[in-house]
Amino acid sequence: MTAPPLHDEPGPAEAETAPETAPETPVARGSDPFSGYQPLPDTYDEFFDASGRPHPSLASAIEPLREIGRPEFRRLQRLASSNFLRGGVTFSVYATGQGDPDRIFPFDLIPRIVLRSEWESVERGLVQRVAALNAFLRDVYGDQRILHEGRVPRDMVESSSGFRPAMRGIQPPGGVYIHVAGIDLVRDSDGRFLILEDNVRTPSGVSYVLENRVMMRRVLPEFGAGRVASVEDYPTRLYEAMEAVAPTRHGEPHAVVLTPGPLNSAYFEHGFLARRMGCDLVRGSDLFVEGDRVYARTTRGPRRVDVIYRRIDDDFLDPEFLRPDSVIGVPGLLRAYAAGNVALVNGVGNGVADDKAIYPYVPEMIRFYLGEEPILGQVHTYICERDDDRRYVLENLEKLVVKAVGEAGGYGMLVGPRASRRQIASFREQIAAAPRNYIAQPLVELSTVPTWTRSGVEARRVDLRPYVVTGDRSWVMPGGLTRVALVKGSYVVNSSQGGGSKDTWVLEDEA
Amino acid sequence: MISRVAEGCFWLTRYLERTETLARLLDVHHALHIDTGVPIQNRWRMLLEFTGREDDFAERYGEDAHCDGELVQEFLTWDEEHPASLYGSLRGARENARTVRETMSLEAWKAINDLWLWLKGPDSRRLYQRERGAFYERVTRSAYLFHGVSFGTMLHDEPFTFMKLGRALERAGSTARILRAHAALNGHEASDAEAAASCLAVLRCCCAYDPFFLSGMHPLGMRTVIRFLLFDHTLPRSVIYNLDEGRRLLFLLCQHDPIGLPRRSRSVLERLRGGLMQMDVRDVEQQGLKKTLAWTIEATDHLCDAIHDDFLAAPTPWLRHCVRALALTEGSLENRGWAA
């Protein structure tokens, strides 16, 4: 096969933005990039078995990739980077104060593939989990049955940094708290999907899923033809969910996306979603509250706002409510929310549901609220607040992964088997000082997918963040954001820690 | 549309227009040959005068440094600190574009982002050193590309109208400023050759060289040039053309206004435009070109302020007042666009 046709000349920015590649080893054009590929020991590789043969169900999907030689792959990879930069598909890193603030999220051209037959149970499992988490929030901010019955300990809930007691008794429109969930999944050494983490506050990353697909179609238009599930529906589904929860009695609801502004690292995504949904992208200063109703400042005077997809954390949402120093929020917003005059997507106080120390109780929630057994497994978790668990954790730090319950983005994390003695000692002190802030889990050997590196195609670990959108019913995006740890041997996939991403294919099984 | 976003659209094209105008001015003055007779010291001073940065420059490089063409070009092109340099104004355009990206087409965004990425990268500097004219031309052409691409790929609705409005008012102002800067440096003692060269340079700065001769304006002289650049209704960079355009755009923007919404900008524009329409070139000469231009420039700035108050940053107490007024008659007004 020859290289796919290019629809575009490389942009003028290419020369300066192309990632440095290692000195090229002379490899003939068309040579199989997977030759010599080695799966990691005791780890599930999603393309190849231990002997290096492709999994039979994926063989035909992988085949075309073999025919692109290394130089061609490098060229396409550069083309993709240049296109992301030109299109402004970037995340901003202003905090570091050096270099260009706009970076692209490294993109790997080898897709991650999940078969439709495997995906179906994942999909059901996610819908079930989100339903239980939503019921939990309704309960915790309502009658608190689950606490009265002792199925989830009251002190774990009340000590959670995401718990907002002031929200008790306030029913969000339609009873929906979790309109958008990003549930992180991993595959263990047997290839089973496990829930690693719930994100039900303001999960980000979905724009990269859509942009990665656009890029994939552009640089490798011939692959996966017709068998890959489309992801393009997402903005429509999100808009429908927003419409469904709008507390509106007059015509078409006015929905907006609320962003902290262009300095936020996910600003591209906020604009992207606003554009695709045909909504206004607003900042706090574009809105004001009068008579417990929210209005936007427009070129024709005030305009009523009914639904806000907010990408601002609870704490900063309303300076009257939590952080008086917040300049990105809207004074009075939560009064309007409490009065039922505006829907917030996601709800306020969701942090208690994705607290890492509440996570171990989610299977119990599924049984309690839904009367079902959990469809998806999760990772065993030690809660450092509990005496027995803490004792075990402190004695076995070098075997465990420790996570701070309130942190995200791969910060505040100890990977015991790969940590230095000093790091372990430091975590030991921190855990002893504030046990509620930590949980620990055994290290999961995250599955791997072949990935381009400076020294050819190698096995790199991945996770998966599918997105679940809920209005009057739940919808799961097929696939999701696959993040890949580009650093050799690393288990940490976060973009802030050297992670990249891949296009994720939910592939129809062959007949 | 959201006022802040409208403001971003308005300023995006104003900054881009500044970038383009400055690039053209630098190109024209760089290419003024010996035989045009413009004294070398005036050639570059005019540019500093135009950007209002004479003092700034003198302070940094000394009183006589304005004779050093390389230095002036470097200063006006690359100064990263100042928003009036070519680099600074393109950054302003691109920053505004980033904050209104959701209203733009991908093609329009790329047109401006590509130019910015290029200017920021090493290729632009190389071209600047090797082939100055080509460097400036690349900038002006990219701006034309943006105008064409946005016209061809964006919805012709409010955001685009604000972009056009920003561009029209910026053009009106910069044509007046170009005339003023030349007038300031070509006093009565200028020789005929100098005056002719200066006229041609002014025309080139306003993309009006060919149009001037095509329009049958003659003889070439300051009087005909002023008449052309101030009063010609068909020249896209004349002052009056852009006020006509501004008037049309303001009409479009106010078309669906609820009754009673005050729009000061429309009357400010009518006064400015009406004032110019009543004049002809003899009146200008009578009251002095400098005075007329100063009045035009000031009135244009004033118009931009009025647009700001009307559309882009209405004061909060006034907005709250609107809401309260609305509450009294809720329902009847909700359907008329006030608070739907």
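Which helix of chain B holds both Tyr209(B) and Phe213(B), and how many residues apart are they? The first legend takes that up; keep in mind throughout that this is a predicted model.

**View 1. Tyr209(B) and Phe213(B) share a helix in chain B.** The helix is α11, which covers residues 209-214. The two residues sit 4 places apart in it, or about one turn of the helix. As for how open they are, Tyr209(B) is partly exposed, at 29% relative accessibility. Phe213(B) is partly exposed too, with a relative accessible area of 42%.

**View 2. Phe368(A) and Tyr369(A) make an aromatic pair in chain A.** Step back for a moment: a search of the whole structure turns up 34 aromatic pairs over all chains. In the pair shown here, the ring centres are 4.9 Å apart and the planes meet at 80°, so it counts as edge-to-face. Both Phe368(A) and Tyr369(A) are buried. Compare the residues of View 1: the rings of Tyr209(B) and Phe213(B) also form an edge-to-face pair, with 5.5 Å from centre to centre and 75° between the planes.

**View 3. Five residues of chain B gather in one aromatic cluster.** The members are Trp78(B), Trp118(B), Tyr128(B), Phe135(B) and Tyr136(B). One of them, Tyr128(B), has a further partner: Arg132(B) lies over the face of its ring, 3.7 Å from the ring centre.

**View 4. Arg18(B) holds its charged end over a ring.** The ring belongs to Tyr15(B), and the charged end of Arg18(B) is 5.5 Å from the centre of that ring.

**View 5. Cys254(B) and Cys322(B) are not bonded to each other.** How many disulfides does a search of the whole structure find? The count over all chains is 0. Cys254(B) is in no disulfide, and the nearest cysteine sulfur to it, in Cys322(B), is 14 Å away. Seen from the other end, the closest cysteine sulfur to that of Cys322(B) is the one in Cys254(B), and 14 Å is too far for a bond. Are these cysteines buried or exposed? Cys254(B) is buried, with a relative accessible area of 8%. Cys322(B) counts as buried as well, at 4% relative accessibility.

**View 6. Ser3(B) touches residues of both chains.** Ser3(B) belongs to helix α1 of chain B, which takes in residues 3-30. At 4% relative accessibility, Ser3(B) counts as buried. Leaving aside residues up to four places away in sequence, Ser3(B) is in contact with Arg297(A), Thr298(A) and Thr299(A) from chain A, plus Phe311(B) and Leu312(B) from chain B.

**View 7. Chain A in outline, with 14 helices and 23 strands.** Its C-alpha atoms fill a box of roughly 70 × 60 × 50 Å along the principal axes. A compact globule of 511 residues would have a radius of gyration near 24 Å, and the 23 Å of chain A agrees with that. Buried residues account for 58% of the 511 residues in chain A. Take the contacts in chain A between residues at least 6 apart in sequence: 69% of them join residues at least 24 apart. On the outside, chain A exposes about 19,900 Å², and carbon and sulfur atoms supply 48% of that area.

How values were computed. Residues numbered from 1 in each chain as written. Chains lettered and ligands numbered in written order. Predicted model: local features only at pLDDT ≥ 70, side-chain atom pairs only at ≥ 80, totals over all residues. Heavy atoms only, no water. Phe/Tyr/Trp six-rings, centres within 6.5 Å; stacked < 30°, edge-to-face > 60°. Buried < 20%, exposed > 50% of the residue type's maximum accessible area, 1.4 Å probe, protein only. Lys NZ or Arg CZ within 6 Å of the ring centre and 35° of its normal. Rg over C-alpha atoms; globule rule 2.2 N^0.38 Å. Contact = heavy atoms within 4.5 Å. Areas by Shrake-Rupley, 256 points an atom, 1.4 Å probe, with all protein chains shown as cover. Disulfide = S-S within 2.5 Å.
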